[in-house]
Amino acid sequence: MTWEERVRAVRLMGFTERQSGFLVTVMLYAGVSLGRHYCTFARIAYGRTMHDFFQSLLARGYVTARCCGHNRARLYHIQYKPLYRAIGEPNNRHRRPTTLARAIERLMLLDAVLADSDRTWLATEQDKLRYFTLTHRIPRRDLPTLTFHNNDAETSRYFPEKLPIGIDRGSGPYIFLYLVTRDLPVDFRTFLERHAELLRALPGWTLRLLVPRHKTDAIPVYQAAFREQLAMPLEPSVLDDLRWYFHARRAAPKGPHERFDQAARAFGAPRFQALYRAWLERGQPVLDATLSPVLADAVAWGTGQLECYVLPHSYIRLLPLVGTA
């Protein structure tokens, strides 16, 4: 479904154009919101209009609400299945109950999307899959993928991190959001490796780190991880040794093995650990790609870049709900 079709479908359930657009936005990107999110979306002052809108949602059973730390603001969760069905997402994970810690992370993503409302954002797996395979003719094998094996069955999930991707309505770069939730960029390196082939196929891109205020000290290590994973191609001789080590590591050699021990020390850095995980997921193409200068050139020329965006809102008032933000 297109954005317009989704908004039209929600309007038929008794909402205004503005209310429908907001509900679609929340359902696609977060499932949860605070009152201020509606004020930002609608460009209105915090007050009676916002309050009456959410009260009507509560009265109709479309949302549930939890009080925040200072007992005034409320965290609203859209759980009404017919609303999700109306936008073509009856089984969207945002509808299901979630931990409050994860709800806060989704609020951060919603803040980032609303802060860049002039951009078109891809939210769902199918929206992203359809856009990149049809618009750019990118093969599915080059899209971020996580494959699950169950007995004889195999299921591939595309864009498994489920983070919004922004499309400039003009000719600007694509924006890939990444929310910083850990002090060390272990998951970020995995994210970079999964997206590497897609980034190579795009004319311009920006990885936008969403950094909560209490995580700003982690910015330098994320910047270093970005340079290591994407902007430093390997030499062929190094790749040969790395290839041997990965195969030997998977085979788990028994007993003393001098070459293996030396390789384990040489390739013990976080960069190679991320490459190993990616190699286990997707095989030989992961290692072949480490020779390519395409991403390094994009970073050098400025067509590929890392951008750090410190989230402007404080989530401290939600701390009494979860113990940590």
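These questions and answers cover a sheet, its helices and the nonpolar cores of a predicted model.

Residues are numbered from 1 along each chain as its sequence is written. In this predicted model, local features need pLDDT of at least 70, side-chain atom pairs count only at pLDDT 80 or more, and totals for chains, interfaces and linings use all residues, while side-chain values use heavy atoms, without hydrogens or water.

Biologist: What is the strand order of the open sheet of five strands?

Modeller: Strands are DSSP runs (E, at least two residues; helices are H or I, at least four), numbered from the N terminus. Two strands pair if DSSP finds at least two bridges between them. Pairing in this sheet is mixed. The order is β4-β7-β8-β9-β10.

Biologist: Which are the edge strands?

Modeller: An edge strand here pairs on one side only. Those are β4 (120–122) and β10 (304–310).

Biologist: Which residue in β8 stands opposite Gly 166?

Modeller: Strands β7 (residues 165–167) and β8 (residues 174–179) run antiparallel, joined by two bridges. Opposite Gly 166 stands Ile 175.

Biologist: At about what angle to β8 does helix α6 run?

Modeller: Axes are lines fitted to C-alpha atoms, for helices over the stretch in contact; angles run from 0 to 180 degrees between N-to-C directions. Helix α6 (residues 100–115) lies across β4, β8, β9 (205–211) and β10. Its angle to β8 is about 155°.

Biologist: Why are the buried residues of α14 on the same side?

Modeller: Buried means under 20% relative accessible area, exposed over 50%, partly exposed in between (1.4 Å probe, protein chains only). In helix α14 (residues 294–301), the buried residues are Leu 295, Ala 296 and Ala 298. The arc is taken from the directions from the helix axis to the C-beta atoms. These residues share one side of α14 because they cover an arc of only 160°.

Biologist: Which residues are exposed on the other side of α14?

Modeller: The buried residues pack against α8 (186–201), β9, α9 (219–230) and β10, with contact meaning heavy atoms within 4.5 Å. On the other side, the exposed residues are Ala 300 and Trp 301.

Biologist: How many residues does α6 give to the largest nonpolar core?

Modeller: A nonpolar core is a set of buried Ala, Val, Leu, Ile, Met, Phe, Trp, Tyr and Cys residues joined through side-chain atoms within 4.5 Å. The largest has 82 residues. Those with the most contacts inside it include Phe 132, Trp 205 and Leu 230. Helix α6 gives the most, and its share is ten residues.
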